[in-house]
Amino acid sequence: MDGLRFAIGTLSIFPVRVSRVDREVAGRAMALAPLAGLALGVVAAVPLLLPLVSPAPPLLAAALSLGLLAVLTRGLHLDGLADLADGLGSGKPAPQALDIMKKSDIGPFGVLTLVVTLLIQAAALSGLPAWLGAASLVTACATGRLALTWACRAGVPAARPDGLGAMVAGTVRPAARLTATVATLALALALATGFLVSPAARPDHGWLPLPLAVVAGLAAAMALLGHARRRLGGITGDVLGTLVETATTAALVTCALLA
């Protein structure tokens with residue numbers, strides 16, 4: 001329970017009492033991160049169902065869902081995305097890039113990356129039927145947090161000796177990573193086959209889009225992680241936030257393309 005509380009308290013605004021914080025608890029939290037993503041996705045997906053009960057256009061519903069998701073996460077991952085974009089976009093060596101990422105302001109690379117990312121997410125969601133859009137967002141949110149589980153595996157160092165990256169780097173055991181991955185794929189498969197949504201709302205391509213979205217999102221995040229490791233030497237909190245947004249976006253795009 002310490003790990004679950006740490007995961008929810010760190011990754012959302014949901015009020016929980018975190019009584020213990022150390023690397024052991026952090027490892028459990030990162031392994032349970034997809035569960036926090038599931039909770040976030042379920043709540044954030046509610047506005048996507050508005051077109052079913054009102055004349056609200058799909059784009060408005062998508063914007064409301066993404067805005068709600070940003071509020072539920074305190075904008076934490078979006079902030080990390082902007083900071084990493086500024087750091088890597090500067091073209092500076094790792095120490096200077098890390099210093100840029102620590103600054104509170106957002107530069108042009110960060111602004112551009114935020115705008116493009118949110119536009120892509122909104123476009124992907126607005127092009128999906130309401131129920132499938134909701135299921136896709138739930139899957140994408142879980143996949144985004146699954147990227148944290150993989151990024152915190154053994155062998156991935158922290159780029160700094162302090163901060164969130166140092167707390168969670170290398171803390172997730174292989175068995176926990178495998179369990180989280182299987183559970184996330186099982187969730188996607190259940191949603192896609194209609195076990196958790198109306199049978200009439202099943203994707204046209206059967207079970208394919210949502211499980212493939214998990215694979216695509218995780219693959220995109222791991223590709224970015226490899227680049228961040230080469231440029232910065234390891235992970236930071238900003239890198240982790242960017243991995244969440246990368247996996248989420250790639251998963252949504254996959255759903256939009258295959259549905």
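Is H227 counted as buried, partly exposed or exposed, and what is its relative accessibility? At 33% relative accessibility, H227 counts as partly exposed, a class lying between buried (under 20% relative accessible area) and exposed (over 50%), as determined with a 1.4 Å probe and protein chains only. The structure is a predicted model, in which local features need pLDDT of at least 70 and side-chain atom pairs count only at pLDDT 80 or more, while totals for chains, interfaces and linings use all residues. Residues are numbered from 1 along each chain as its sequence is written, and side-chain values use heavy atoms, leaving out hydrogens and water.

H227 belongs to helix α12; helices are DSSP runs of H or I with at least four residues, numbered from the N terminus. The C-alpha atoms of H227 and L88 are separated by 9.7 Å, although these residues stand 139 residues apart along the chain.

Helix α12 (209–232) is also among the elements that cover the buried residues of α7, together with α6 (76–89) and α13 (237–258); contact here means heavy atoms within 4.5 Å. In α7, which spans residues 94–102, the buried residues are A94, A97, L98 and M101. Viewed down the axis of α7, these fall within an arc of 100°, so they line one face of the helix; the arc is taken from the directions from the helix axis to the C-beta atoms. P95 and K102, on the other side of α7, are exposed.

Helix α5 contains L64, which is partly exposed with a relative accessible area of 39%.

Note on methods
Helix = DSSP H or I, 4+ residues; strand = E, 2+ residues; numbered from the N terminus.
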